[in-house]
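Biologist: Please take a close look at one part of this model, the packing of its helices and the loops beside them. Explain each term as you go.

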Amino acid sequence: MEMGFRFWVLGFCFWVCFFFSCSGSVNSKGEEGDGFLSGTVLINGKSAIGGIDEDFVCATLDWWPPEKCDYGTCSWGQASLLNLDLGSNILLNAIKEFKPLKLRLGGTLQDKLIYDTEDHKQPCISFKRNTKELFGFTQGCLPLDRWDKLNDFFKKGGAKIIFGLNALNGRKFASDGSAVGAWNYTNAESFVRYTVKKNYTIHGWEFGNELCGSGVGTRISAEQYASDTIVFQKMVQSIYNGVQTKPLTIAPGGFFDENWFKEFVDKTTPTLDAVTHHIYNLGAGVDEHLVERILNPSYLNGMVDTFYKLHEVLRNSRSSAKAWVGEAGGAYSSGHNLVSNAFVSSFWYLDQLGMAATFDTKTYCRQTLVGGNYGLLNTTTFEPNPDYYSALLWHRLMGRNVLSTSFNGTKKIRAYAHCSKQSKGITLLLLNLDGNTTVHAAVAFNRTSGLHYKHRSYKNKQKVVRTSRPYGREGEAFREEYHITAKDGNLHSQTVLLNGKILSVNSSGNIPSLQPKQVNSSEPIMVAPFSIVFVHIPNIVLPACGNVWN
């Protein structure tokens, strides 16, 4: 795939307008902030520029106990894997809706977690707050009966589990704060064997958390980590010998450092399945400029460099590993209440999903499903925060094939497009970062010989014809739109509206139905100020999407 396709498309020489004429489409009325602006979504439908997993959307569950506090705020409550309420109907239903949801179990304290297997001869004690200890807590322990209950719960929810193993076991700490020596895998091996013996299905085992590059709290050299990852993979493969369903092996789960990652990828096993990196690009949760950064297109574009460089590291290596975002919460140190758990966060979150997919990232794990001030669900009630609904709509609508997309008219519109999921056509995602301007969006495609439009006769029979004419001129056709807005237009609201209707769980804890509105294809796409729109256009078949349904 050419690098140029991975950036917003510039200078297509000829465009075929779709739905309606594009003449005067760019800023034909008014300037930004005037209240009205026209523009065009430009899509290259010739070939896909990237591909994502069918279950691209992933969320995390962490080990932090209630005593985890940041800047005087303790936001974790009973959200730890050790004390999470597994009897909650809302929590179970929230997971079930994804059919399936990938869940990555891990975080900082995974590298201080011992598993209460036969080799562990000491009492199984939970994490205790101790500021003198690495990460501010003592060593903790996972009782096997809790692991049994977690697996029973995950099975009910249909979740696909990625478990992060302790990668610090057996190491010593050098005077410079780095962790040295080889990994002691005895306890991890015993735990994985127990898991296989109990027939628990694990989608992937991940090795370590934020120990790469300069690390968080401590670090491990790329050479040592590469060597230990080979040992880790061999251990997993040996245990799963004879087991029909093999898990993925994943590493290193930390912040991207180009030199460290390159050395690691070059020196470790070439058959590692995924290389994971973490993203907290908005800054500290206590920062007062989070909203300003979320709504700044130039700031959001700052992550392009990271995605591109990791893609190039993998492309130029002998490794078959795919890029994953293993953890991303936007604002580190537990996020910011009424920002990273409110409506405004969806602009950052969905932009991240779109951008990551453009660079062939296969999975994107959001920190967290529940816990801290950046959960998809409320930490106390488990009721969905706005980002939950954004994640669910992405999961249901955005297919695996990623299309090169840009918006011509204003920088305040972020535009992404994929071949549709579980249906023909394409799905657009439009984010309006402007609070004063309604955007009227046209859609245009570059001319390709394989461009198809589907026409519907009055007898409801369908046929595919080749044409350069916009569909809708000879008969009515409709598209489906999902408009997401904040209650009362308040960016800090935790209540979200879909097509003007408030989304909330019912008394039985059921997630509400997410229904689109039907819009005549001859009408422009109206993107209100500070709104998010998913648009499913079923009547177009692009060459880039042909292999999905042929």
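Modeller: Axes are lines fitted to C-alpha atoms, for helices over the stretch in contact, and angles run from 0 to 180 degrees between N-to-C directions. Helices (H or I, at least four residues) and strands (E, at least two) are DSSP runs, numbered from the N terminus. The model is predicted: local features need pLDDT of at least 70, side-chain atom pairs count only at pLDDT 80 or more, and totals for chains, interfaces and linings use all residues. Residues are numbered from 1 along each chain as its sequence is written, and side-chain values use heavy atoms, without hydrogens or water.

Start with helix 2 (residues 144–157) and helix 3 (residues 186–197). Their axes come within 12 Å and cross at roughly 45°. That makes helix 2 oblique to helix 3 (angles under 35 degrees count as roughly parallel, over 145 as roughly antiparallel, 65 to 115 as roughly perpendicular, the rest as oblique). The crossing of these two helices is right-handed (the near helix is turned clockwise from the far one by less than a right angle). Leu144, Trp147 and Asp148 of helix 2 are in contact (heavy atoms within 4.5 Å) with Phe191, Tyr194 and Thr195 of helix 3. These residues divide into 4 nonpolar, 1 polar and 1 charged. Here Ala, Val, Leu, Ile, Met, Phe, Trp, Tyr, Cys and Pro count as nonpolar, Asp, Glu, Lys and Arg as charged, and the others, Gly among them, as polar.

Helix 3 also meets helix 4 (222–239). The axes of helix 3 and helix 4 come within 10 Å and cross at roughly 30°. These two helices are therefore roughly parallel to each other. Helix 3 passes helix 4 in a right-handed crossing. Helix 3 brings Ala188, Glu189, Val192, Arg193 and Val196, while helix 4 brings Met235, Ser238 and Ile239. That contact has 5 nonpolar, 1 polar and 2 charged residues.

Now the loop just before helix 4. Asn209 lies there, between strand 11 (204–207) and helix 4. Its relative accessibility is 3%, so Asn209 counts as buried (under 20% relative accessible area; exposed is over 50%, partly exposed in between, with a 1.4 Å probe and protein chains only). The side chains of Asn209 and Arg104 share a polar contact of 2.8 Å. Such a contact is a pair of N or O atoms within 3.5 Å; within protein, one must be able to donate a hydrogen and the other to accept it, and residues adjacent in sequence count only if both atoms are side-chain atoms. Beyond four places in sequence, the contacts of Asn209 include Gly107, Asp111, Tyr225 and His278.

Helix 2 has another partner, helix 1 (residues 89–96). Helix 1 is mostly covered: 6 of its 8 residues are buried. Among them are Ile90, Leu92 and Asn93. The buried residues of helix 1 pack against strand 5 (102–105), helix 2 and helix 10 (386–397). Ser88 caps the N-terminal end of helix 1, with a side-chain oxygen 3.4 Å from the backbone nitrogen of Ile90.

The loop between helix 1 and strand 5 holds Lys99 and Pro100. A cis peptide bond joins these two residues, with omega about 10°. Lys99 has a positive phi of about 45°, although it is not a glycine. At 70% relative accessibility, Lys99 counts as exposed.
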